[in-house]
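User: I'd like a close look at a single part of this model rather than a tour of everything. Please pick a helix and walk me through its surroundings.
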Amino acid sequence: YVPPAPGGDLLRNPAVLPTGRNVYGFDPYRVPSPTAMLEGRTRAEQLLARAVADSGALPETVAVVLWGTDNMKSEGAPLAQVMAMMGVVPRFDSVGRLTGARLLPLAQLGRPRVDVVITLSGIFRDLLPLQVRLLAEASLVCAQADEDPEQNFIRKHALATMAETGCDMATAALRVFSNADGTYGSNVNLLIDTGKWQSEDELADMFVQRKGFAYGTDGRPSAQPALMKRALGSATLSFQGLDSVDLGATDIDQYVESLGGMTRVIAQQRGENPAVY
């Protein structure tokens, strides 16, 4: 008999050692955990402070890549970072199960709500469906909040999208994008490997083609390439956290596939390169 062990990052949880055992995961109804929420809030404030120091202004929109493995190892710290930037917290029922998102009052938040456009890995989409719906609900409740748009950039941009495209609020508030069901990756890295591209716009188009499926509060994807381009076009900052002790941004091509592809879409839509953290 070989005792099972928790999965995860061995620096966060030494109980992972020795490796090579059957691993067990976590309770998805309790992600993000209280510890992850504290860490996520710290990460969010550090990121925004860095952006203000570099540019002189709070970014209205931040584009973020979320991977499933990083959130599994940390019980949802990257997810919590996104929620903290938006000014929302998870809502749990009486027995501690995740049920949705709740707004923090602006007075408590102490700054405007930042619009966050999220691209998810296929693994995140598959293994964390509750959290996909959580992020979609968070964006929607922010967009629907009766607040000054200059203090709520999610609402500001959703109202502008409604006015210019004629869509409803639920569509204008979509901020969670990933692949269609059953597909994975943006293939930007594969296109680069083959060399079968002439301009960087082709890389951006490939990213939108693969990742331009929006996930709403029902957890179901719908093809929304134009909406994805519009949402990313308002971003002045793109971000992906490095949560591995084994791999860096230049060790595997999945970082250029995810953060690189998303950043290229922003540059295509804005006509200039965003800050990349």
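Analyst: Here is a look at helix α10, its helix partners and the strands around β8.

Some ground rules before we dig in. This is a predicted model, so local features need a pLDDT of at least 70 and side-chain atom pairs count only at pLDDT 80 or more, while totals for chains, interfaces and linings use all residues. Residue numbers start from 1 along each chain as its sequence is written, and side-chain values use heavy atoms, with hydrogens and water left out. Helices (H or I, at least four residues) and strands (E, at least two) are DSSP runs, numbered from the N terminus.

Start with α10 itself, which spans residues 200–211. One packing partner is α11 (residues 225–233), with the two axes 9 Å apart and an angle of about 120 degrees between them. Here axes are lines fitted to C-alpha atoms, for helices over the stretch in contact, and angles run from 0 to 180 degrees between N-to-C directions. That angle makes α10 oblique to α11. On the cut-offs used, under 35 degrees is roughly parallel, over 145 roughly antiparallel, 65 to 115 roughly perpendicular, and the rest oblique. The crossing is right-handed (the near helix is turned clockwise from the far one by less than a right angle; anticlockwise would be left-handed).

Who actually touches whom? On the α10 side there are Asp 205, Phe 207, Val 208 and Lys 211, and they meet Pro 225, Met 228 and Lys 229 of α11. Contact means heavy atoms within 4.5 Å. Sorted by class, this contact has four nonpolar and three charged residues, with no polar ones. In that sorting, Ala, Val, Leu, Ile, Met, Phe, Trp, Tyr, Cys and Pro are nonpolar, Asp, Glu, Lys and Arg are charged, and the others, Gly among them, are polar.

Helix α10 also packs on α12 (residues 254–270): their axes come within 8 Å and cross at roughly 110 degrees. α10 and α12 are therefore roughly perpendicular to each other, and their crossing is left-handed. From α10, the residues in this contact are Glu 200, Asp 201, Leu 203, Ala 204, Asp 205, Phe 207 and Val 208. Across from them in α12 are Glu 257, Ser 258, Gly 261, Met 262, Arg 264, Val 265 and Gln 268. The tally is six nonpolar, three polar and five charged residues. Asp 205, Phe 207 and Val 208 turn up in the contacts with both α11 and α12.

While we're in α12, have a look at Tyr 255, which is found in that helix. Tyr 255 is buried, at a relative accessible area of 7% (buried is under 20%, exposed over 50%, partly exposed in between, with a 1.4 Å probe and protein chains only). Its C-alpha atom is separated by 17 Å from that of Asp 205, and the two residues are 50 apart along the chain. Setting aside neighbours within four places in sequence, Tyr 255 is in contact with Trp 67, Gln 240, Leu 242, Leu 247, Gly 248, Ala 249 and Gly 260.

Now over to Phe 213, which sits in strand β8 (residues 213–215). Phe 213 is partly exposed, with a relative accessible area of 22%. Strand β8 pairs with β7 (residues 176–178) in the antiparallel sense over two bridges, and DSSP has to find at least two bridges for a pair to count. Ser 178 has Phe 213 as its bridge partner in β8. These two are 35 residues apart along the chain, yet their C-alpha atoms are separated by 5.5 Å. Leaving out residues up to four places away in sequence, Phe 213 touches Val 176, Phe 177, Ser 178, Asn 179 and Ala 180, plus Pro 221, Ser 222, Ala 223 and Gln 224.

Zoom out a notch and β8 belongs to an open sheet of seven strands with mixed pairing, in the order β9-β8-β7-β6-β3-β10-β11. β9 (221–223) and β11 (275–276) stand at the edges with a single partner strand each, so one side of each has no neighbour in the sheet.

One last stop: Asn 187 lies in the loop between β7 and α9 (188–194). Most residues other than glycine have a negative phi. Asn 187 has a positive one, about 65 degrees, although it is not a glycine. Asn 187 is partly exposed, with a relative accessible area of 24%.
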